[in-house]
Amino acid sequence: MKRMKQLLVVLMILALGMAFWGCGNKDKDDQTSGKDVSSSEDGDLIVVGFSQVGAESDWRTANTKSFQSTFVEDAGYKLLFDDAQQKQENQIKAVRNFIQQDVDYIVIAPVVETGWETVLGEAKEAGIPVIIVDRMIDVSDDSLFTCWVGSNFKQEGYDAADWLAEYLDKEGRSDETINIVTLQGTIGSSAQIGRTEGVEERLNDHPNWVMLDRQTGEFTQSKGQEVMESFLKSYDGIDVVIAENDNMAFGAIDAIKAAGKVPGKDIIIISFDAVKAAFESMIAGDMNVSVECNPLHGPRVSEIIQKLEKGEKVDKLQYVEEGVYPAETAAELIDSRQY
Ligand code: AHR
């Protein structure tokens, strides 16, 4: 009898174990489709992990707001937002975290282009689609990401240089020696690479344009000001500053004023982004032109996700249309600017 009781206990334990193992196994099978059905807390919400570069500029703030106002519960989303503070290592940690949480989609605005293979391989292995926004990544296997949406940064560089050529022509200065300095963005980011390369290519068409120096201002106003102060100490007769974003241009303008020169007149200021504060700066006469870089990617990424949810195909590379805004247009357009 005692042996019979023992056998019954063993059988019950085995049955419980089988039931438990069955549940666990079902979860695992479902996870291969990229959905974490075990967390009922999020209900039917699509969980999106977004690794953002940082908060270095007005452009970035507008970009973050665009995501935070698009990926809301009312629209069927739960957004997990991570600010990488301009460090790729933080982005890699964030992506690993998203994989661990078994999110439905991973969105990355990459700080720099290289160094993504390993972590994106892990996302692929976990079956989580990855959407790249804003800057691009440089990987040999393009199956590591689903698609990219962002700016044509090289075209922005061409646009800036073409505006300068036209402006100098109008001012009757086409044949003068023109001394230029560049405040570059984060070295290795697509925005820096593309804008620098675009301008560089155009320099070949203008042998009288002299690039005196290029240094990074990390896309921030304070570093832009610091680098401009050192340029002003090192070089006499700077004619043009190319700031690879508006915030560095604002810093450069402060440095130029502190040195007793007039930005926009003594020194031509060319910038990128075309944020609202740049329009104010142009109206004040401090900045000459801003080449647009559009940050409103939230709705674009949502559209991509909705298509993927329906099993539809999406274009691998999606470029955003952008304009060039010289100072003469600023007063008329400022009220229509969304960021
Ligand atoms: O990648 C886009 C660039 O990053 C914007 O020009 C700049 O303002 C931002 O920090």
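## A walk from helix H9 outwards

Start by selecting helix H9, residues 276–283, where Ala 278, Phe 279, Ser 281 and Met 282 are buried (buried means under 20% relative accessible area, exposed over 50%, and partly exposed in between, with a 1.4 Å probe and protein chains only). These four lie on the same side of H9, because they cover an arc of only 160° around the axis; the arc is that of the directions from the helix axis to the C-beta atoms.

A word on what you are viewing: this is a predicted model, in which local features need pLDDT of at least 70 and side-chain atom pairs count only at pLDDT 80 or more, while totals for chains, interfaces and linings use all residues. Residues are numbered from 1 along each chain as its sequence is written, and side-chain values use heavy atoms, with hydrogens and water left out. Helices (H or I, at least four residues) and strands (E, at least two) are DSSP runs, numbered from the N terminus.

Next, show what surrounds H9. Its buried residues pack against helix H8 (246–258), strand E10 (289–292), strand E12 (324–326) and helix H11 (330–333); contact means heavy atoms within 4.5 Å. Just after H9, click on Gly 285, which takes a positive phi of about 90°.

Keep H8 and add helix H7, residues 221–234. How do these two helices pack? The angle between H7 and H8 is about 45°, and their axes are 7 Å apart. Axes here are lines fitted to C-alpha atoms, for helices over the stretch in contact, and angles run from 0 to 180 degrees between N-to-C directions. H7 and H8 are therefore oblique to each other (under 35 degrees is roughly parallel, over 145 roughly antiparallel, 65 to 115 roughly perpendicular, and the rest oblique). To see where they meet, display side chains including Met 228 and Leu 232 in H7, and Phe 250 and Ile 256 among those in H8.

Now jump to Gln 85, in the loop between strand E2 (77–83) and helix H3 (88–100). Is Gln 85 buried or exposed? Gln 85 counts as exposed because its relative accessibility is 55%. Select Val 53 too: it is 32 residues from Gln 85 along the chain, yet their C-alpha atoms are separated by 6.2 Å. Leaving aside residues up to four places away in sequence, Gln 85 touches Val 53, Gly 54 and Asn 90.

Finally, zoom out to the whole protein. You should find 11 helices and 12 strands, and buried residues make up 50% of the 339 residues.
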